[in-house]
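Morning, everyone. Please pull up the sequence and the structure, and we'll walk through them together.

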Amino acid sequence: MFFHFHHPRAATNSPAARRTELLSRDFILLFCLSMCSNGHIAVFYCFEQWLEGVAVSPNWRGLLISSMFAMVLFLRPPASFLLLRGGRLPALAFSTAALIGVMSGYLWLPETRLVEGVLALRLLQGIAIAVQSSCITSVLVNCIPPGQSARGFALFSLTVLLPYSIIPAVSEKILLPLLGGSEPRLFALTGVLAFISLLLVIPLAPRLSVTELPVEHQNGVSRGTLWNSVRHSGLFCIFFACLCFSIMTILAIFFIKGLCSVTGGQPSLFFSTYTVTIILVRLLASKRLDALPHHSVSILCSLGLALCMLGFAWGPPWAFVPIACLYGLGIGLLYPLLASVVYNRSTPVTRSFNSNMMMSAFDASGMLAPLVGGLVIHAGFGYRGVFTATAVSITLCGLWTLLDWLRFHRVKGEGASA
């Protein structure tokens, strides 16, 4: 959404502009808070299979998975706009505390009204996540020094990867057997992570209590200013690329266990293999990410990931782990590069809002992907059909990135000739 402009006054007044170290105290605290919070999203890796086990129809399963993401999608933009004007400390504390109650609620679902109960919990969780993640993003983008955006997003993305690399494997091997195979007990147990997140809000309180806006905008940013940024940013293609990329990842997360029941693979091995690969890529290559040609590498990653998705669906069993490694490599590079394009083409005033708009594209994928998966299965194409659909989605990601590349160079050329 943004071309990069230099604001002299923002450079002197913004707290972010005065920092040159990425791994600041606030960045590390946000990292830990976000990692704990993402733990009670990662635990839903078994949600679809649990719904199948309690005889919920495929159409309802897709709706129940997507309902939380739909609520996040609808609430994130207004939440991010309101949070520009302050109030992040009570918003983050309240939303984090609410997640404790939501996760515990799975223990008390009525058998006769199971679908309605699950839907209510998913909607409440979506509200809490929309507020919580908007608060985290608004602080995060101001903790990242200029010139380190790809590295910053690469490292912070580990807050999602680490829970997915640990929770599914630990749950399958240790927690579920100890809990009698009860997924609702497993969901409730992750409320402990929300409690840890709540404790981490305390040392972040001073940072959450101040505005990150430059002085000239600290009386508020108008809707017109933000909408003008959206219209003239030139990043709509990147947002669509993020949408298609995230549709692939959501489908893979929620349907890999079903696919493995057909192909004989191990879902815990999938999660641990690809997440460890991503972690290694982002730790070892994080300092070089900002120097890579963002668009061309993103397009190559998209095509490679499409082949991985087809390999999961139709490849031989022995290729499962190597493909998971290649899948992790592709994701490890693609997300921080797309996020860096968004960050680098923003202004200091609109960076928080624009980054939340990018996150809204990911939210939309969370709503759309489960519906697509449910429809594909309902149409009789099975789990292999779902993963074929993921290959189509990530191919579209590459095409949207190519369109943005062509558009950006055309606009840049027109500006130079003028």
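One term before we start: a residue is buried when its relative accessible area is under 20%, and exposed when that area is over 50%. Keep in mind that this is a predicted model.

Let's begin with the charged pairs. Side chains of opposite charge can pair when their charged atoms come close. How many salt bridges does the structure hold? Five.

Take R25 and D26. Their side chains meet in a salt bridge, at 3.0 Å from N to O. Is D26 buried or exposed? Its relative accessible area is 13%, so D26 is buried. The pair also belongs to something wider: R25, D26 and R207 are linked in a network of salt bridges.

Next, E48 and R61. Here too the side chains form a salt bridge, 3.0 Å from N to O. This pair links distant parts of the chain, with E48 in helix α3 and R61 in helix α4, 13 residues apart. Both E48 and R61 are buried.

Then E172 and K257, a salt bridge at 3.1 Å, N to O. E172 sits in helix α8 and K257 in helix α12, so the pair ties together parts 85 residues apart in sequence. E172 has 26% relative accessibility, so it counts as partly exposed.

Back to R207, which is one of the buried residues of α10. That helix runs over residues 191-208 and bends by about 50 degrees at I202. A proline, P203, follows within four residues. Other buried residues of α10 include A194, L200, V201 and L204. What covers the buried residues? Among the elements are α2, α5, α6 and α9.

Now the empty space inside. The count comes to two cavities of 30 Å³ or more.

The largest has a volume of about 960 Å³. Which of its 41 lining residues are closest to the centre? They are N38, V160, Y335, M359 and F362. Helix α16 gives the most to this lining, with seven residues. By type, the lining of the largest cavity divides into 24 nonpolar, 14 polar and three charged residues.

The second largest cavity has a volume of about 40 Å³. Its lining includes two residues we have met, E48 and R61, along with F255 and I377 among others. The elements giving two or more residues to this lining are α4 and α16. The largest share, four residues, comes from α4. The split here is four nonpolar, two polar and two charged.

That's my tour. Over to you.

Terms used
Residues are numbered from 1 along each chain as its sequence is written. This is a predicted model: local features need pLDDT of at least 70, side-chain atom pairs count only at pLDDT 80 or more; totals for chains, interfaces and linings use all residues. Side-chain values use heavy atoms; hydrogens and water are left out. The bend at a residue is the angle between axes fitted to the seven residues ending there and the seven starting there. Buried means under 20% relative accessible area, exposed over 50%, partly exposed in between (1.4 Å probe, protein chains only). Contact means heavy atoms within 4.5 Å. A salt bridge is a side-chain nitrogen of Lys or Arg within 4 Å of a carboxyl oxygen of Asp or Glu. On a 1 Å grid over the protein atoms alone, a cavity is a set of points where a 1.4 Å probe fits but cannot get out, and a pocket is an open set with protein on both sides within 12 Å along at least five of seven lines; lining residues have an atom within 4 Å of a point. Grid points are joined across faces, edges and corners, and a volume is the space filled by probe spheres set on the points. Ala, Val, Leu, Ile, Met, Phe, Trp, Tyr, Cys and Pro count as nonpolar, Asp, Glu, Lys and Arg as charged, and the others, Gly among them, as polar.
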